[in-house]
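Q: Please take a close look at one part of this model for someone new to it. I would like to follow how that part is built and what it touches.

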Amino acid sequence: MTDVLPARPTTDLTADEPPVTGRRPRDRGDSTRTPAWLYVVLTVGLVVVVVPFVWMLLSSFKPEAEVRATPPSFWPETVTLSNYDTLFTRLDFPTYLFNSVVVALAVTAGNMIFCSMLGYALAKLDFPGKKALFAVVLGTLMVPGVVTFVPLFVMVTKMQLSNSLLGLILPFLAGPFGVFLMRQYILSLPDELIQAARIDGAGELRIFFSVMLPLCGPALATLGILTFLASWNNFLWPLVVAQTEDKYTLPVALALYSVGQNATQFGLLLAGAVVVVLPVLAIFLVLQRHIMQGIAMTGIK
Amino acid sequence: MATATAVAKGGTPSRPVDPTRRAQAVAGWVLALPFVVLFLAFTAGPVLASLGMSFTDFRRADIRSPLAVQFVGLSNYADLIQDPLFRKVTLNTLLYLLLGVPLTMAAALAAAVGINRLNRFKGLFRVAFYLPVVTSIVAVSVVWKFLYRHHGGLFNTALGWVGIDGPNWLDNTHLALPSLVLMAVWRNFGALMVIFLAGLATIPREISEAAEVDGAGGWSRFRYVTLPMLRPTLLFGAVITGIGYLQFFEEAFVMTQGGPLDATRSVTYFTYDQFGFGNFGYAAAASYLLFLAVVLLTYVQFRWLGERDDRPRRRTRQEVTS
């Protein structure tokens, strides 16, 4: 199982350089060779990728009759906020939004703390059982969520935590991905800092919290964003654990509405999709540098 | 000096106590402990419990009285293999994998090679193609369900412009699964593209230039320089994508509810259904067969793509775990 992990060099962030700063000599040498048709083809691809999102956003502002019209309109003929009004006043979207945010923030905080602790220990400390521990953690990196959810459900029910936010959070508080990412990053930090701190008489835990952790900013940012996105989009476990509407997260609510009694209210569902997708797209567009870095660092989204 | 140390060390049965080493060992475990506790309880434990459960007749009612659970050996697995629905969902899942992985790889490779040749707007295209990857599958499924509508969907409207009467994509037993695959390609190719771009960046320009000097055209350079150099990255991409596609569930849940006539029901969907019926042991067995497929896929792809790769850049276990 450990074989699936790439040994991507942590320093290789070439793929991350935006074009503005990335004017290296070899780019210049290539500058005469970009054919125009390539821009055309890629632009067509870009339209294909973006149109579903644009159509989703535009349609969410249309009245129901216009959403259902054949042929469909692209630009709204009548602009209305009624779909959003229904979501947030008649339906319980504020609660789902709150649940999604709380769960994602808690899961993110947990992974940032626990994974950096173990990641540091695995990268820089020598302790018995270290290799075995790393192998076991990596071995579970590819375990599908569907494999664990049945016994997890039994356990969470036994702990009286089913249908609670804690039940949604606990199983995801510490995942193998974060350990791998943090370890890879911390490996690249110089050992001399640790040795110097030891000579100065700092204890091992103090070295981690005061010397090394402050240097982990970039990796922590990447881990935080990726964990937040994964938790925000997580579906199977919340679907299983959240049994009453007041514990739904956004994806669970949207999925159940789309197959339930609201299945035919197209405008409403598209507005719901906007509520799920828009925060994530905004986070990505603002912080995409960190996300791309994380992928370059680990090869795993 | 070296000999003296060796002799001295050989003379003492145990290592001399080094205060730094002991402090490190203690600190190492203190730092590892919170993760290890959570990990054992919520990941490693359930992985093993699921296996154990798959050999029992555990049902929902048994949560209260676990002592009533009977050991049934391999009978859950035997029943699964006989179950026509499980056979169908296995076939669907394999079809999804076999259609989805090559298409996603092709789209991602084309995008990566294209973007790599640009000298302007590289970042723009990379970010745009990556957008769908960060979005919820549930949400994009809701959107695509409307794009696929028989009347008034964006696809059939576009087909209508060129005089084609579009089919009812999601209500057709032959088209429903490929329709889901198409959406998966759209959503996932950006993730692979970024990985391929990183791979392309590691190919030294000189090799491609040397081939050009030797008279190799664009296609030859791609076929005989880029592709072989990219092999480890392609392999990794195929494995990651395949593992993801083996678990498809959300798009079917939202867009087709597994229909029409179970044409889009996957192994994960089957497991979820059995869980819903209260057949926990049976569900666990189904999920373990999927797990087995994930492990097998990883292994087979590494054998198939890795074996012919005789270059020293091949990643080894030592490189990864050291």
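The part I mean is chain B: into which domains is chain B divided by the domain assignment?

A: The domain assignment splits chain B into domain 1, residues 12-68, and domain 2, residues 75-321. Bear in mind that this is a predicted model. The centres of the two domains of chain B, taken over C-alpha atoms, are 34 Å apart. The domains do touch. In that contact, 9 residues of domain 1 of chain B meet 9 residues of domain 2 of chain B. The domain 1 side of the contact is evenly mixed, with 3 nonpolar, 3 polar and 3 charged residues.

Next come the helices of chain B. Start with helix H5, residues 122-130, and H8 of chain B. Their axes come within 8 Å and cross at roughly 140°. The crossing of H5(B) and H8(B) is left-handed. From H5(B), the residues that take part are Arg126(B), Phe129(B) and Tyr130(B). They meet Gly190(B), Met193(B), Val194(B) and Leu197(B) in H8(B). By class, this contact has 5 nonpolar residues, 1 polar residue and 1 charged residue.

A second pair joins helix H4, residues 84-117, to helix H13, residues 267-276, both of chain B. Here the axes come within 8 Å and cross at roughly 145°. H4(B) brings Leu85(B), Phe86(B), Val89(B), Thr90(B) and Thr93(B). H13(B) answers with Val267(B), Tyr269(B) and Phe270(B). This contact has 6 nonpolar and 2 polar residues, and no charged ones.

Now to the core. The largest nonpolar core has 173 residues. Among those with the most contacts inside it are Val143(B), Met193(B) and Phe196(B). Leu118(A), Leu254(A), Leu270(A) and Ala273(A) are also on that list, so named because they too have the most contacts inside the core. Helix H8 of chain B, residues 176-201, gives the most to this core, with 17 residues. Met193(B) thus appears in two places: in the core list and in the contact of H8(B) with H5(B).Val143(B) is worth a closer look. Leaving aside its neighbours within four places in sequence, Val143(B) is in contact with Pro52(A), Met56(A), Leu270(A) and Ala273(A). Leu270(A) and Ala273(A) are themselves on the core list.

That leads to the partner chain. The contact between the chains takes 97 residues from chain A and 95 residues from chain B. On the chain A side, helix H15, residues 266-298, gives the most, with 13 residues. By class, that side has 71 nonpolar, 13 polar and 13 charged residues.

Chain A itself has 15 helices and 0 strands. Of its 301 residues, 46% are buried. The domain assignment of chain A gives domain 1, residues 35-80, and domain 2, residues 86-298. Their centres, over C-alpha atoms, lie 32 Å apart. In chain A, 9 residues of domain 1 are in contact with 7 residues of domain 2. Helix H2 (36-59) and helix H3 (64-68) of chain A each give two or more residues to the domain 1 side.

Key: Residues are numbered from 1 along each chain as its sequence is written. Chains are lettered from A and ligands numbered from 1 in the order in which they are written. This is a predicted model: local features need pLDDT of at least 70, side-chain atom pairs count only at pLDDT 80 or more; totals for chains, interfaces and linings use all residues. A nonpolar core is a set of buried Ala, Val, Leu, Ile, Met, Phe, Trp, Tyr and Cys residues joined through C-beta atoms within 7 Å. A residue is buried if 20 or more other C-beta atoms lie within 10 Å of its own, exposed if 12 or fewer, and partly exposed in between; C-beta atoms are placed from the backbone. Helices (H or I, at least four residues) and strands (E, at least two) are DSSP runs, numbered from the N terminus. Domain bounds come from an automatic or database domain assignment. Ala, Val, Leu, Ile, Met, Phe, Trp, Tyr, Cys and Pro count as nonpolar, Asp, Glu, Lys and Arg as charged, and the others, Gly among them, as polar. Axes are lines fitted to C-alpha atoms, for helices over the stretch in contact, and angles run from 0 to 180 degrees between N-to-C directions. A crossing is left-handed if the near helix is turned anticlockwise from the far one by less than a right angle, and right-handed if clockwise.
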